[in-house]
Structure formats: structure tokens, C-alpha cells
Amino acid sequence: MTERSLVLVKPDGFKRGLTGEVLARIERKGYRLVALQILTPTREALAEHYAEHVGKPFYEPLVEFMSSGPVTAVVIEGEQCIAGFRSLAGATDPTKAAPGTIRGDFGRDWGTPAQENIVHGSDGPESATREIGIWFPAL
Ligand code: RTP
Ligand code: MG
């Protein structure tokens, strides 16, 4: 089934110049880029985006990190691209992510001081619709 997913190149990925690398991997996989913007997320947008994590111990450091600089927000489209992009991204903790995945190849510094793992990808069809609405209200 053709799906859309919301991908973020997080501030660590952006700062390290990995945006093109992430986009290249998405395109190489055969997914299409539907919309793209560079912006520094507000705390308000992040509270919506990370609604499921509000109140968890890692929430505050996560928002600090995510609002610390520009991110690239991207809507991708393709056959089962939600699960497919999460495979490309690899495990949440970059020290456990397999080599060949974005987080396995480039992620580091887990927990010091924030949970830096290069990318975000929607985790299901409902999250994807909800998150695309937050970052791209016009879509
Ligand atoms: P994402 O949402 O960024 O694609 O990552 P995910 O689904 O693999 O991970 P999720 O559980 O949704 O967590 C969102 C982000 O919060 C940070 N995090 N830190 N235990 C921790 O310290 C912890 N757990 C999560 C990470 O930046 C993670 O990507
Ligand atoms: Mg998640």
C-alpha cells in the first residue's frame, strides 16, 4: 500500500551535514520526496509532535535537543514507506542500531546529553497523518 511518512533530520544530523545523505538513502530505496522544509522547531510544535512522550524522564532533554537548531522535515511517499523508513533508520539507540542503517552508521552520543539519533520516522499510519498535519498543515 502506498503510504506517506514524516521524517525529520534532527539537529545533530543537520549540524553534521547528513541531510543529503539521509535524503539520498530515502531516494535510493525508491521513496519519493513530497515536501521538505528546514526550520528550528518550537517547543509548542514539539509538544504536539512528541505528545506520547510528555511527562517521561527523557522528554525535557529531548525538547531541549530538538529545539537547539534547524531540522529538515520531509514527507516521503512509497510502498509501505512507514515501516520501510524505520528499517533504514535502525534501532532507536544508535549503539544498538545495525551497521548499514542511518543510526548504526552515523548515530552516537546516546544519552550525553540528549538522545541524539540523527532521524525521526513516523511509527504507524495514524502517527504519520497526525505528524504530517503538524509539520505541513497545507498538505
Ligand atoms: P523517533 O520517534 O525519533 O523516530 O524514534 P523512535 O520511535 O525510535 O523512539 P521513540 O521511543 O519514539 O522516542 C522518541 C525519541 O526520544 C528520544 N528517546 N530517548 N530512553 C531514552 O532516553 C529515550 N527514549 C527515546 C530519542 O531521540 C528518540 O528518537
Ligand atoms: Mg517514535
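1. Helices here are DSSP runs of H or I with at least four residues, numbered from the N terminus. The model under discussion is a predicted one, and on that helix numbering F58 belongs to the loop between α3 (43–49) and α4 (59–66). Because 13 other C-beta atoms lie within 10 Å, F58 is classed as partly exposed, a class that falls between the limit of 20 or more for buried residues and that of 12 or fewer for exposed ones.

2. F58 is also one of the residues around ligand 1, where the shell further contains L62, T92, G111, Q115, N117, H120, G121 and D123. By character, this shell around ligand 1 is made up of two nonpolar, six polar and one charged residue.

3. The UniProt record, an unreviewed entry, carries a "binding site" annotation that covers K10, F58, R86, T92, R103 and N117. Of these annotated positions, F58, T92 and N117 are found in the list of residues around ligand 1 in the model. The annotation may be inferred rather than shown by experiment.

4. R103, which the UniProt entry includes under "binding site", is placed in helix α6 (residues 102–106). R103 counts as buried because it has 24 C-beta neighbours inside 10 Å, the cut-off being 20 or more. Leaving aside residues up to four places away in sequence, R103 touches A89, G90, A91, P94, A97, N117 and I118; among these contacts, N117 is itself one of the residues around ligand 1.

5. Strand β1 (residues 2–9) is mostly covered, with seven of its eight residues buried. Towards strand β3 (residues 71–79), β1 pairs in the antiparallel sense over eight bridges, and within that pairing R4 has E77 of β3 as its bridge partner. Strand β4 (residues 119–121) likewise runs antiparallel to β1, the two being joined by three bridges, and in this case V9 stands opposite V119 of β4. In β4, whose residues are 119–121, H120 and G121 also belong to the surroundings of ligand 1.

6. Which residues of helix α7 (residues 125–135) are buried? They are A128, E131 and W135. Seen down the axis of α7, these buried residues fall within an arc of 75°, and therefore they line one face of the helix. The elements that cover the buried residues of α7 include β1, α3, β3 and α5 (81–89); of these, β1 and β3 are the strands described above as pairing in the antiparallel sense.

Definitions and conventions
Residues are numbered from 1 along each chain as its sequence is written. Chains are lettered from A and ligands numbered from 1 in the order in which they are written. This is a predicted model: local features need pLDDT of at least 70, side-chain atom pairs count only at pLDDT 80 or more; totals for chains, interfaces and linings use all residues. A residue is near a molecule or strand if its C-beta atom, placed from the backbone, lies within 6 Å of it. Ala, Val, Leu, Ile, Met, Phe, Trp, Tyr, Cys and Pro count as nonpolar, Asp, Glu, Lys and Arg as charged, and the others, Gly among them, as polar. Two strands pair if DSSP finds at least two bridges between them. Two residues are in contact if their C-beta atoms, placed from the backbone, lie within 7 Å. The arc is that of the directions from the helix axis to the C-beta atoms.
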